[in-house]
Amino acid sequence: MEAEKRTVQGELHAAEMRLELLPKLLKNLYEDKVSGRMMEEDYAILSREYAEERETLKKKVKAHRDRLRRIAESEGEREQFIKAIRKFMEMRTLTNQILRELIDHIDVYEVEGRGKNRTQRMVIYYKFVTTRPICARAWRWSTSPVSRRKALASCSTRSMSRLKKSNKNRSRRSPAPGT
């Protein structure tokens, strides 16, 4: 994100500098025409090209400024999300306030399998980011943020790939009743 921001800022600066230079070029062009160093046809062609370039540069400048604004907004959203996550990782109990700050909604699906092979698919829709499937069997509410991270990491590769596959087929499956 930072590299993209620097690239856009560089392109914006270059376009603005060229926009500032164009009136000087047009002035010199006009002076050459008036003094007779340039033919009328050449002046018409070059002045039209400069006018087209000026319009193109104005559009570029506007697009770059819009892009920088969107980057700044997404950085702000990212900062909000990081603050919410920090609160979440430090909590001792789950509160409604934390849920409202962090989570948009949760889809809970029917239980699959029996005994030790019992799993339940959950998809948590966080505010500020895309979905993150959670291996429900591995997730345990505890007082320690470290154990929560370990629980997420303990989701087997097989179960996570199964969740990813079922996430692709989400339109074919519906959430469990009452969720």
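## Getting oriented

How many helices and strands does the secondary structure of the protein come to? The count is five helices and three strands. Please keep in mind as you explore that this is a predicted model.

Starting at the N terminus, the elements follow the order α-α-α-β-β-β-α-α. The protein has 179 residues, and 26% of them are buried. Take the contacts with a separation of 6 or more: 52% of these join residues 24 or more positions apart.

## How the helices H1 and H2 meet

A good place to begin is the pair formed by helix H1, residues 2–35, and helix H2, residues 40–90. Two packed helices are described by the angle between their axes and by the distance between those axes. For H1 and H2, the axes come within 9 Å and cross at roughly 160°. Because angles over 145 degrees count as roughly antiparallel, H1 is roughly antiparallel to H2. Their crossing is left-handed.

Which classes of residue make up the contact of H1 with H2? There are 16 nonpolar residues, 14 charged residues and three polar residues in this contact.

## The largest nonpolar core

Now for the inside. The largest nonpolar core contains 12 residues, and you can pick them out one by one: Val-8, Leu-12, Ala-15, Leu-22, Leu-26, Leu-29, Met-38, Tyr-43, Tyr-50, Leu-57, Val-61 and Leu-68. Helices H1 and H2 each contribute at least two residues to this core. The largest share, six residues, is supplied by H1.

Apart from this core lies another one, with 10 residues, including Phe-81, Phe-88, Ile-103 and Tyr-126.

## A closer look at Leu-22 and Tyr-50

Leu-22 sits in helix H1. Is Leu-22 buried or exposed? Leu-22 counts as buried because its relative accessibility is 0%. Setting aside residues up to four places away in sequence, Leu-22 touches Tyr-50, Glu-53, Arg-54 and Leu-57. One of these partners, Arg-54, is 32 residues from Leu-22 along the chain, yet the C-alpha atoms of Leu-22 and Arg-54 are separated by 7.2 Å.

Tyr-50, another member of the largest core, gives the view from the other side of that contact. Beyond its neighbours within four places in sequence, Tyr-50 is in contact with Arg-18, Leu-22, Leu-25, Leu-26 and Leu-29.

## His-64 in helix H2

Next, find His-64, which belongs to helix H2. With a relative accessible area of 14%, His-64 falls under the 20% limit and is therefore buried. What does His-64 contact when its neighbours within four places in sequence are left aside? The partners are Val-8, Glu-11 and Leu-12. Two of them, Val-8 and Leu-12, also appear in the largest nonpolar core.

## Ile-103 and the other core

Finally, move to strand S1, which covers residues 103–112 and includes Ile-103. This residue is among the members of the 10-residue core. Ile-103 counts as buried because its relative accessibility is 12%.

Which residues does Ile-103 contact, apart from neighbours within four places in sequence? They are Ile-124, Tyr-125, Tyr-126 and Lys-127. Tyr-126 is thus a contact of Ile-103 as well as one of the residues in the 10-residue core. For one more point of reference, Ile-103 and Ala-84 are 19 residues apart in sequence, with 9.5 Å from C-alpha to C-alpha.

Terms used:
Residues numbered from 1 in each chain as written. Predicted model: local features only at pLDDT ≥ 70, side-chain atom pairs only at ≥ 80, totals over all residues. Heavy atoms only, no water. Core = buried A, V, L, I, M, F, W, Y, C linked by side-chain atoms within 4.5 Å. Buried < 20%, exposed > 50% of the residue type's maximum accessible area, 1.4 Å probe, protein only. Helix = DSSP H or I, 4+ residues; strand = E, 2+ residues; numbered from the N terminus. Contact = heavy atoms within 4.5 Å. Axes fitted to C-alpha atoms, helices over the stretch in contact; angles between N-to-C directions. Parallel < 35°, antiparallel > 145°, perpendicular 65-115°, else oblique. Left-handed = near helix turned anticlockwise from the far one by under 90°. Nonpolar A, V, L, I, M, F, W, Y, C, P; charged D, E, K, R; others polar.
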